[in-house]
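Have the viewer ready and follow along at your own pace. Each stop suggests something to select and tells you what is there.

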Amino acid sequence: AAISDAALRNCQIIFISASEKDRLPDILRVARESGILTIADFQDAAQQGVMIGMTMEQKKITFEINLEATRRAKLNLSSKLLRLAKTVY
């Protein structure tokens, strides 16, 4: 069962699985309005508005950051974390 918008608002971090891609616009809207950090592990997640998108490359986890999405949610990411990212949008 999908989690309600009201329940999402009580979260500080949301992991969005590929099975929830159809709800992505609604989840991201709630996250942005509530200042919730969003993380996902499906292809192009950061390009679709998720703040941190993780992928597996050569048996290592890499991640991309959507800096604009974090700013819209009024969140600040550490410069150290930004330096570790494969790509920052």
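**Stop one: the charges**

Start by selecting the charged side chains: the chain has 13 positive and 10 negative ones, and the centres of the two sets lie 8 Å apart. Keep in mind as you go that this is a predicted model.

**Stop two: the whole chain**

Now show the C-alpha trace and turn it along its principal axes, where the C-alpha atoms fill a box of roughly 35 × 25 × 15 Å. The radius of gyration is 13 Å, which agrees with the value near 12 Å that a compact globule of 89 residues would have.

Switch on the surface next. The accessible area of the chain is about 5,700 Å², and carbon and sulfur atoms contribute 51% of that. If you colour by burial, 38% of the 89 residues count as buried. Among contacts with a separation of 6 or more, 32% are between residues 24 or more positions apart.

**Stop three: the fold**

Change to cartoon view and you will find four helices and five strands. Walking from the N terminus, the elements come in the order α-β-α-β-β-β-α-α-β.

**Stop four: the sheet**

Select the five strands: they form an open sheet in the order S1-S2-S3-S4-S5, with mixed pairing. At its edges are strand S1 (13–16) and strand S5 (87–88), each pairing on one side only.

Which strand does S5 run parallel to? Select residues 60–65, and you have strand S4, joined to S5 by two bridges in a parallel arrangement. For a last close-up, centre on Glu-64, which stands opposite Thr-87 in S5.

Notes. Residues are numbered from 1 along each chain as its sequence is written. This is a predicted model: local features need pLDDT of at least 70, side-chain atom pairs count only at pLDDT 80 or more; totals for chains, interfaces and linings use all residues. Side-chain values use heavy atoms; hydrogens and water are left out. The radius of gyration is taken over C-alpha atoms; the globule rule is 2.2 Å times the number of residues to the power 0.38. Buried means under 20% relative accessible area, exposed over 50%, partly exposed in between (1.4 Å probe, protein chains only). Contact means heavy atoms within 4.5 Å. Accessible areas come from the Shrake-Rupley method with a 1.4 Å probe; for residues, only the protein chains shown count as cover. Lys and Arg count as positive and Asp and Glu as negative; His and the chain ends are not counted. The place of a charge is taken as NZ of Lys, CZ of Arg, CG of Asp or CD of Glu. Two strands pair if DSSP finds at least two bridges between them.
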